[in-house]
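Work through the exercises below with the sequence and model open. Each task is followed by its solution in steps.

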Amino acid sequence: MKGDDSVVSPGRAAGFLLPALGLFAVFVVLPALSALVLAFFRTDGLAMREWVGFDNFHQLLGDALFWRSIRNLLLFALLTVPVQTLGPLIGAKLLYALRSPRAAYWYRTLLVFPVLVPGVVTILVWQELYGATGPINLVLNAAGLGEYARAWLGDPATVVPAIVAIGLPFTGGVFLLIYLAGFLSIPTSLVEAARLDGAGPLRLFVSVELPMLRTQIGVIALLSLLGVLQNFDNIQILTNGGPMNASLTPALYLFRSGFEFGQLGYASALGVVLLLLCALLTLLVRRLGRRES
Amino acid sequence: MKKSPGSGSSPQWALHGVLTLLALLTALPFALMLAMSAKDLGQLTLSFWAWPSPIRWENYWFGLKITLHYLANSLAVSGAVCVLTLGCAALAAYAFSRFRFLGRESLFATLLIALMIPSALLLVPLFLLCREFGLLDTAWVLVLPQTAGALPLAILLLRSFFDELPRDLFDAARIDGASEFRVLWHIVVPLSLPVFSTVAILNLLSSWNNYIWPLLTVQSESLRTLPLGLAFLVFEYDLKFEPGKVMAAYLMTSLPLLIVFLFMTRPFVKGLTSGALKE
């Protein structure tokens with residue numbers, strides 16, 4: 001029902017739009033705009049305000065903790081995005097190659113079920129597993145590798161990989177379902193033709209299936225990256241950025257500046273930088289995607 | 001699942017081997033949760049890997065008792081957010097898809113831009129706003145902002161689906177003199193159930209898991225949602241030395257959705273993939 005001959009009726013349209021746009025204006029647009037304004041104020045606690053121009057941004061550039069959080073973010077992204085993009089792709093390929101639909105159904109169920117476990121439960125269970133006397137260290141001690149046992153989340157050297165590892169084995173989740181739908185939408189004729197030309201399984205995967213899944217790969221890489229940029233609640237629960245700020249990310253730094261230290265203006269400036277980063281990355285990925293296709 | 005044409009050439013036993021390994025790895029942390037939940041501290045320290053004997057059934061009873069109330073809260077909040085989101089988004093998507101009005105596309109573009117805003121950016125001003133409105137520590141503060149935040153994606157998905165519906169249906173309905181609202185309710189909604197289920201599932205999962213917003217805005221114990229209740233559990237009930245009980249509580253709170261999932265895998269998977277990323 002797209003098209004120019006749809007009903008012209010601004011009045012009635014307004015009635016349909018009002019509930020959604022009302023909520024959206026009050027709880028999304030208004031806060032977004034006031035974040036932009038707040039970024040130019042110095043705030044003290046929740047009350048005092050004073051216009052300071054770009055001071056917050058200047059301060060941010062000279063803030064060692066901010067740069068530390070950027071460095072941590074890069075490490076998080078480097079470790080997370082490739083495995084989150086490729087893991088589910090491999091999982092989907094394996095399921096797709098199975099001959100028995102029944103087996104595929106059960107493996108899929110087993111790979112996807114953690115999506116349904118409350119995120120906080122997964123995080124807290126892993127916290128237990130990583131504990132000083134938790135199962136991971138128990139296994140290491142039993143295997144005679146006791147020297148490697150440690151408080152995984154309490155050691156600056158291991159905290160970031162340990163948080164990323166919570167996604168192990170990285171083959172499931174919603175991303176798997178997206179890839180699987182992608183595999184199933186590849187035209188059979190294409191696969192048959194490639195096979196007639198003598199393409200082996202590997203060749204088929206690289207030359208036919210991967211190109212057909214380009215869109216999905218791009219979307220998932222972007223979603224994964226935006227997730228790394230924005231998510232901080234798991235880190236907040238596990239370490240609150242510690243030890244020694246080794247797992248502090250910009251989003252968590254924003255959260256703590258605002259709600260622990262009461263620097264709402266500074267937090268908002270950080271948020272604006274984060275917003276620009278997200279927008280920039282999205283546009284970049286979009287452009288790359290367009291050029292390729 | 002459909003029989004796939006990609007099968008045939010690779011050795012099936014190797015596939016089964018790898019997939020079984022992956023499934024085991026996926027389940028491992030949850031299996032450990034299950035194993036730990038059946039023991040008390042003594043059993044956990046002295047015989048971590050042994051079969052629990054006796055099984056501490058009281059852990060599960062305890063876990064259920066202290067979390068039931070958080071579960072009920074989460075169910076109410078997520079249900080309300082989902083119904084409100086679907087209702088408001090359906091109306092708006094219908095208007096975007098069916099009516100022509102000034103500024104339609106720029107309004108729609110504004111919604112899309114909102115998808116890029118990091119939620120962390122909104123937390124501070126949103127908190128101040130809700131405090132100004134006197135919403136803090138009420139059920140409203142849990143429902144309204146989450147609904148508003150979910151609307152852009154919901155409207156985007158619904159509209160792109162509505163746009164694809166055949167026009168003739170609507171012309172016929174219009175000639176019959178049906179009101180726009182009736183057309184939406186009796187024609188568009190029944191035809192769009194796949195995309196509605198996609199939106200509903202995505203919406204439920206995100207509000208079910210939301211931790212930070214309730215943490216900031218809710219003080220009363222009586223309003224705590226599941227993630228919040230679980231995060232405070234150890235502290236609140238002094239369970240530092242009762243990992244078995246804690247794990248049992250985690251297990252009990254994970255069960256409801258898992259059981260639903262077990263019976264509804266097909267619609268769930270279909271819902272997540274069919275409406276959304278069709279290209």
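**Exercise 1. Place Ala251(A) in its helix, decide whether it is buried or exposed, and list its contacts.**

Step 1. Ala251(A) sits in helix 13 (residues 250-259) of chain A. Helices are DSSP runs of H or I with at least four residues, strands are runs of E with at least two, and both are numbered from the N terminus.

Step 2. Count neighbours. Ala251(A) is buried, since 26 other C-beta atoms lie within 10 Å. The cut-offs are these: 20 or more other C-beta atoms within 10 Å of its own make a residue buried, 12 or fewer make it exposed, and anything in between is partly exposed, with C-beta atoms placed from the backbone.

Step 3. List contacts (C-beta atoms, placed from the backbone, within 7 Å). Setting aside neighbours within four places in sequence, Ala251(A) touches Leu229(A), Gln230(A), Asn231(A), Phe232(A) and Leu274(A), plus Pro118(B) and Ala120(B).

Step 4. Check a distance. Asp63(A) is 188 residues from Ala251(A) along the chain, and their C-alpha atoms are 15 Å apart.

A note on the input: this is a predicted model, in which local features need pLDDT of at least 70, side-chain atom pairs count only at pLDDT 80 or more, and totals for chains, interfaces and linings use all residues. Residues are numbered from 1 along each chain as its sequence is written, while chains are lettered from A and ligands numbered from 1 in the order in which they are written.

**Exercise 2. Find how many residues each chain gives to the contact, and break down the side of chain A by class.**

Step 1. Chain A supplies 89 residues and chain B supplies 84 residues.

Step 2. On the side of chain A that touches chain B, helix 1 (residues 10-38) of chain A gives the most, with 18 residues.

Step 3. Sort that side by class: 67 residues are nonpolar, 16 polar and six charged. Ala, Val, Leu, Ile, Met, Phe, Trp, Tyr, Cys and Pro count as nonpolar, Asp, Glu, Lys and Arg as charged, and the others, Gly among them, as polar.

**Exercise 3. Describe how helix 5 of chain A packs on helix 12 of chain B.**

Step 1. Start with helix 5 (residues 119-130) of chain A and helix 12 (residues 243-263) of chain B: the angle is about 155° and the axes are 10 Å apart. Axes are lines fitted to C-alpha atoms, for helices over the stretch in contact, and angles run from 0 to 180 degrees between N-to-C directions.

Step 2. Helix 5 of chain A is therefore roughly antiparallel to helix 12 of chain B. Under 35 degrees is roughly parallel, over 145 roughly antiparallel, 65 to 115 roughly perpendicular, and the rest oblique.

Step 3. Name the partners. Val121(A), Leu124(A), Val125(A) and Glu128(A) meet Pro243(B), Tyr250(B), Thr253(B) and Ser254(B). This contact has five nonpolar, two polar and one charged residues.

Step 4. Check burial. In helix 5 of chain A, 11 of the 12 residues are buried. Among them are Trp126(A) and Glu128(A).

Step 5. Look further at helix 12 of chain B, which holds Leu258(B). Leu258(B) is partly exposed, because 14 other C-beta atoms lie within 10 Å. Beyond its neighbours within four places in sequence, Leu258(B) contacts Phe113(A), Leu116(A) and Val117(A).

**Exercise 4. Classify the packing of helix 4 of chain B against helix 6 of chain B.**

Step 1. Helix 4 (residues 104-114) of chain B and helix 6 (residues 139-164) of chain B make an angle of about 125°, with axes 8 Å apart.

Step 2. The two helices of chain B are therefore oblique to each other.

Step 3. Leu111(B), Leu112(B) and Ala114(B) of helix 4 meet Pro152(B), Ile155(B) and Leu156(B) of helix 6. The contact has six nonpolar, no polar and no charged residues.

**Exercise 5. Inspect the backbone in the loop between helix 7 and helix 8 of chain A.**

Step 1. The loop between helix 7 (159-164) and helix 8 of chain A contains Pro169(A). The peptide bond joining Leu168(A) and Pro169(A) is cis, with omega about -5°.

Step 2. Phe170(A) lies in that loop too. Its phi is positive, about 65°, although Phe170(A) is not a glycine.

Step 3. Phe170(A) counts as buried, with 23 C-beta neighbours inside 10 Å.

Conventions
Contact = placed C-beta atoms within 7 Å.
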